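Biologist: I am new to reading protein models. Could you walk me through this one, feature by feature?

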Amino acid sequence: MTPDIVEAMHRLQDRSSAKRRSAAKRLRQLGDPSAGPALLEALKNEVRDPRTWETQHQMTMALGT
């Protein structure tokens, strides 16, 4: 795993939805399948808050990649 992936996976747990969304976008760009479990776990937590639908979307798209 590259430092970029590790950093983005860490940011999936940030308190800020914008930072979590940015991390998901970055992981989608990187396209590394090793980020899948971290993305899935983050998405499970994210779906509890309907206000973060954009972040949920980005996490879903990253998982699809």
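Modeller: Gladly! Let us begin with a term: a residue is called buried when its relative accessible area is under 20%, exposed when that area is over 50%, and partly exposed in between. Keep in mind that this is a predicted model.

Biologist: How does Leu 30 count, with its relative accessible area of 31%?

Modeller: The value of 31% falls between the two cut-offs, so Leu 30 is partly exposed. Leu 30 is found in helix α2. Leaving aside residues up to four places away in sequence, Leu 30 touches Asp 4 and Ile 5.

Biologist: Which other residues can I practise on?

Modeller: Try Gln 29, whose place is also in helix α2. Gln 29 has 59% relative accessibility, so it counts as exposed. Lys 25 lies in α2 too, and at 42% relative accessibility Lys 25 counts as partly exposed. For a case in another helix, take Pro 37, which is found in α3; with a relative accessible area of 59%, Pro 37 is exposed.

Biologist: Now the helices themselves. How do I check the length of α2 against what is expected?

Modeller: The expected span is 1.5 Å times one less than the number of residues. For the 14 residues of α2 that gives 20 Å, and the end C-alpha atoms are 20 Å apart, which agrees. Helix α4, residues 53-64, can be read likewise: its twelve residues reach 16 Å from the first C-alpha to the last, close to the 16 Å expected.

Biologist: What comes after α2?

Modeller: Gly 31 follows α2, and its phi is positive, near 65°.

Biologist: Which residues of α2 are buried?

Modeller: They are Ser 17, Arg 20, Ala 23, Ala 24 and Leu 27. These residues cover an arc of only 120° around the axis, which puts them on the same side of α2. What covers them includes α1, α3 and α4.

Biologist: And which residues are buried in α1?

Modeller: In α1, the buried residues are Ile 5, Ala 8 and Met 9. Seen down the axis, they fall within an arc of 100°, so they line one face of the helix. On the other side of α1, Pro 3 and His 10 are exposed. The cover over the buried residues of α1 includes α2 and α3.

Biologist: Let me try α4. Which of its residues are buried, and what do they pack against?

Modeller: Thr 55, Gln 56, Gln 58, Met 59 and Ala 62 are buried in α4. They cover an arc of only 165° around the axis, which puts them on the same side of α4. They pack against α2 (17-30) and α3 (36-46). The face of α4 turned away from this buried side carries the exposed residues Trp 53 and Gly 64.

Biologist: How do I describe two helices that pack together?

Modeller: Two packed helices are described by the angle between their axes and the distance between the axes. Here, the axes of α1 (residues 3-11) and α2 come within 8 Å and cross at roughly 150°. The crossing of α1 and α2 is left-handed.

Biologist: Which residues make the contact between α1 and α2?

Modeller: From α1 come Asp 4, Ile 5, Ala 8, Met 9 and Arg 11. From α2 come Lys 19, Arg 20, Ser 22, Ala 23, Arg 26, Leu 27 and Leu 30. Sorted by class, the contact of α1 with α2 has six nonpolar, one polar and five charged residues.

Biologist: One last topic: separation along the chain and separation in space. How far apart are Gln 29 and Ala 62?

Modeller: Gln 29 and Ala 62 are 33 residues apart in sequence and 8.0 Å apart in space, C-alpha to C-alpha. For Lys 25 and Glu 54, the values are 29 residues in sequence and 11 Å in space, again C-alpha to C-alpha. Then look at Pro 37 and Thr 52: they are 15 residues apart along the chain, and their C-alpha atoms are separated by 20 Å. Leu 30 and Lys 19 are eleven residues apart along the chain, with 16 Å between their C-alpha atoms.

Biologist: Thank you! I will go back to the model and find each of these pairs.

Conventions
Residues numbered from 1 in each chain as written. Predicted model: local features only at pLDDT ≥ 70, side-chain atom pairs only at ≥ 80, totals over all residues. Heavy atoms only, no water. Helix = DSSP H or I, 4+ residues; strand = E, 2+ residues; numbered from the N terminus. Buried < 20%, exposed > 50% of the residue type's maximum accessible area, 1.4 Å probe, protein only. Arc of directions from axis to C-beta. Contact = heavy atoms within 4.5 Å. Axes fitted to C-alpha atoms, helices over the stretch in contact; angles between N-to-C directions. Left-handed = near helix turned anticlockwise from the far one by under 90°. Nonpolar A, V, L, I, M, F, W, Y, C, P; charged D, E, K, R; others polar.
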